[in-house]
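Me: Hi! Could you walk me through this structure? I'm new to this, so plain words please.

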Amino acid sequence: MEEVRELKSVLERVEGKLIAAGKLYGAMSFAVWLAVMLLYYVIIGVFDLPWQFNIVYWPVAFILAMGFTGRIWRRLQKLGMATGKEVESSTTSGILIAVSWITGIALGWGVIPRLDPGVNAEASLAVGFLSFITLSVFGMWLVFAKYSGVEREIIPSFLIPALGIALAAKMESGAMVWAGFLVALGFSLSVLLYIYSAFKAIER
C-alpha cells in the first residue's frame, strides 16, 4: 500500500511539472508577441519610416515569432514523451485558430477602420487595432476551451483591449499609442497569470 502511495505521489509530481511546462509555453507565446509589438513602437518612435516598413516588419516578425514558439512547443512535446504523456495539438484546432486571426485581421484592419467609428482617422484605426486583438485572441481562447480546456490566463489579453474600444473611439490624439499600451497591459497580465499557474502546478 505504501508503494502505491509513493508511485501516485511521483506521478502527480511528474504531471505537475508537465502542466507547469505547458503554462510556461503559454507565457512565452504571449511574451514573444509583446516583445514584437514593443520593438515596433520603439523603432517607429525613433525613425521616420514609410508605411512600406509595415509590409516588411510584420511578416518577418511573424516568421521569427512562430519559429521561436515552434521550438518551445517541440521541447514541450519531448518533455511529454519523456514523462510518458503525449503532448499533441489538433489539426482542426490549429486551423480554427488561424481562422480566428485571419478574421480578426480582416475586420480589425480592413472593415472597422473604414466604418469611421472614431472621432478621427487615428481613433478609428485604434478601434480597429483593439478590435483585431479582441476578436483574434477571444476566438483563440474559444478554440482552446473546446479542444484542450479553458485557459483562464488568456482572458486579460482580450478583455482589457475590448474594454478600451469605446474610450479609444473618443480620443482626439494619441489613440493608437494608447491602444498599444492597453494591448501590452493585457498581454503582460496573461504572462504573469501563466507564470503564477506554472508555480502552482510545480507545488503539487
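Me: Which residues form one aromatic cluster?
Reply: Tyr40, Tyr41, Phe53, Tyr57 and Trp58 do. Rings of Phe, Tyr and Trp (its six-membered ring) pair if their centres lie within 6.5 Å; planes under 30 degrees apart are stacked, over 60 edge-to-face, and the rest tilted.

Me: Anything I should know about the model and numbering?
Reply: This is a predicted model, where local features need pLDDT of at least 70, side-chain atom pairs count only at pLDDT 80 or more, and totals for chains, interfaces and linings use all residues. Residues are numbered from 1 along each chain as its sequence is written, and side-chain values use heavy atoms, leaving out hydrogens and water.

Me: How many aromatic pairs are there?
Reply: The count comes to 15. In one of the pairs, tryptophan 141 and phenylalanine 158 have ring centres 5.4 Å apart and planes at 45°, so the pair is tilted.

Me: Where do those two sit, in which helices?
Reply: Tryptophan 141 lies in helix 4 and phenylalanine 158 in helix 5 (residues 155-170), so the pair ties together parts 17 residues apart in sequence. Helices here are DSSP runs (H or I, at least four residues), numbered from the N terminus.

Me: New topic: is threonine 69 buried or exposed?
Reply: Threonine 69 is buried, with a relative accessible area of 8%. Buried means under 20%, exposed over 50%, and partly exposed in between (1.4 Å probe, protein chains only).

Me: What does the side chain of threonine 69 reach?
Reply: The backbone oxygen of methionine 66, at 3.2 Å.

Technical notes
A polar contact is a pair of N or O atoms within 3.5 Å; within protein, one must be able to donate a hydrogen and the other to accept it, and residues adjacent in sequence count only if both atoms are side-chain atoms.
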